[in-house]
Amino acid sequence: MLKKVVLLFVLGLFIYSCARVPLTGRNQLSLVSNEELLPLAYEQYEQVMAESNVVTNTSDGQMVLRVGRRIADAVEAYMKEQGYEKELQGFAWEFNLIQEDIVNAWCMPGGKVAFYTGIIPICQNETGVAVVMGHEVAHAIANHGRERMSNGLMLNGLLGGVQVAMGQNPTLTQNLFLQAFGIGGQLGMLKFSRKHELEADQLGLNFMALAGYDPREAPEFWTRMSEGSSGGAPPEFLSTHPGPNRRIEQLNNQMPTALEYYERSRNR
């Protein structure tokens, strides 16, 4: 009887705590609020920046900043138009390039973005940077880190949010936060599930198009990324990602909608 009561309680909590991913409508668990997560994310971002060789004042760094600002502006306008502006409360966009020969980029909750110089040659140009930027920003907009944190709390029986969990088991809660956002070392790399990656591809394609970047560059970028990993271990950026053929197929299937956004941005 007790097991049934507990099961019903957890099921009820799960239903009560469900949120929807903006723009895709997918249900996701949300035991944690952005009000709790964003301060932690910002603190971690500042730590990574302090420990890294930030080169945003270079031409490539300025390109990352320029692309990030354009995509952030487009996302903000679109989210407001679609009635999701509350999802961006507390966001404080920041875009930095880190001098490190690593093929990776990431975006923490609240719009804190980092690129590594190792990915710039594969991007090739500003539109290529926009492919990656749209994808990474999409992780933050879709609250993928919050979802991972919520799943971790539930699986460990910590159901009262971050503050309650900290009081119950601070070490475990801290570890869940680090795992949820892929923060295990000085580079702060984020790793998401294939489901999250494909969702970020979908949203990111639209975001770059809304910002006025040609979405047809996205499949080309992933082809270059795949070719760059042949004959050796895949870049960190691909280590947990869907296979390139699958994601390119999905991107091409979604291209008509993205091109509509692209044409709309050009006609403003």
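Here is a short walk through this predicted model, one selection at a time.

**The whole chain**

Start with everything shown as a cartoon. The protein chain has 268 residues, and 53% of them are buried. Colour by secondary structure and you should be able to pick out 11 helices and 5 strands. Now think about how the chain comes back to itself: take the contacts between residues at least 6 apart in sequence, and 72% of those join residues at least 24 apart.

**Two cysteines**

Next, select C107 and C123. Are they buried or exposed? C107 has a relative accessible area of 2%, so it is buried, because the cut-off for buried is under 20%. C123 is buried too, at 0% relative accessibility. If you go hunting for disulfides while you are here, you can stop: the structure holds 0 of them.

**A loop with an odd backbone angle**

Step along to Q124. This residue sits in the loop between α4 (120–123) and α5. Its phi is near 75°, a positive value in a residue other than glycine. Why point that out? Because most residues other than glycine have a negative phi. Show the surface as well: Q124 has 55% relative accessibility, so it counts as exposed, the cut-off being over 50%.

**α5 against α10**

Stay in this part of the chain and select helix α5 (residues 126–141) together with helix α10 (residues 217–228). When two helices pack, they are described by the angle between their axes and the distance between the axes. Here the angle is about 90° and the axes are 9 Å apart, so α5 is roughly perpendicular to α10. Turn on side chains to see who takes part: T127, G128, V131, V132 and H135 come from α5, while E217, A218, F221 and W222 come from α10. Sorted by class, this contact has 5 nonpolar, 3 polar and 1 charged residues.

**α5 against α3**

Keep α5 on screen, hide α10 and bring in α3 (59–81). What angle do α3 and α5 make as they pack? It is about 50°, with the axes 9 Å apart. That angle makes α3 oblique to α5, and the crossing is right-handed. From α3, the contact uses M63, V64, R66, V67, G68, R70, I71, V75 and M79; from α5, it uses E126, V129, A130, M133, G134, V137 and I141. By class, that gives 11 nonpolar, 2 polar and 3 charged residues.

Now click on R66, which belongs to helix α3. With 40% relative accessibility, R66 counts as partly exposed. Draw a distance line from its C-alpha atom to that of A130: the two are 64 residues apart along the chain, yet the line should read 9.7 Å.

**The loop before α3**

Slide back along the chain to N53, in the loop between α2 (34–50) and α3 (59–81). At 45% relative accessibility, N53 is partly exposed. Which residues does N53 touch once you ignore its neighbours within four places in sequence? They are L97, I98 and Q99. Try another distance line here, from N53 to L97: the C-alpha atoms are 8.5 Å apart, although the residues are 44 places apart along the chain.

**α9 beside α11**

For the last helix pair, select α9 (residues 194–210) and α11 (residues 244–266). Their axes come within 7 Å and cross at roughly 25°, which means α9 is roughly parallel to α11. The crossing is right-handed. On the α9 side, look for E197, L198, D201, Q202, L205, N206, A209 and L210; on the α11 side, look for R246, R247, Q250, L251, Q254, M255, T257, A258, Y261, Y262 and S265. The residues of this contact divide into 9 nonpolar, 6 polar and 4 charged.

Finish on S265, in helix α11. Buried or exposed? S265 is buried, with a relative accessible area of 14%. Leave aside the neighbours within four places in sequence, and S265 is in contact with A209, L210 and G212. Two of those names, A209 and L210, are in the α9 list you just looked at.

Definitions and conventions:
Residues numbered from 1 in each chain as written. Predicted model: local features only at pLDDT ≥ 70, side-chain atom pairs only at ≥ 80, totals over all residues. Heavy atoms only, no water. Disulfide = S-S within 2.5 Å. Buried < 20%, exposed > 50% of the residue type's maximum accessible area, 1.4 Å probe, protein only. Axes fitted to C-alpha atoms, helices over the stretch in contact; angles between N-to-C directions. Helix = DSSP H or I, 4+ residues; strand = E, 2+ residues; numbered from the N terminus. Parallel < 35°, antiparallel > 145°, perpendicular 65-115°, else oblique. Left-handed = near helix turned anticlockwise from the far one by under 90°. Contact = heavy atoms within 4.5 Å. Nonpolar A, V, L, I, M, F, W, Y, C, P; charged D, E, K, R; others polar.
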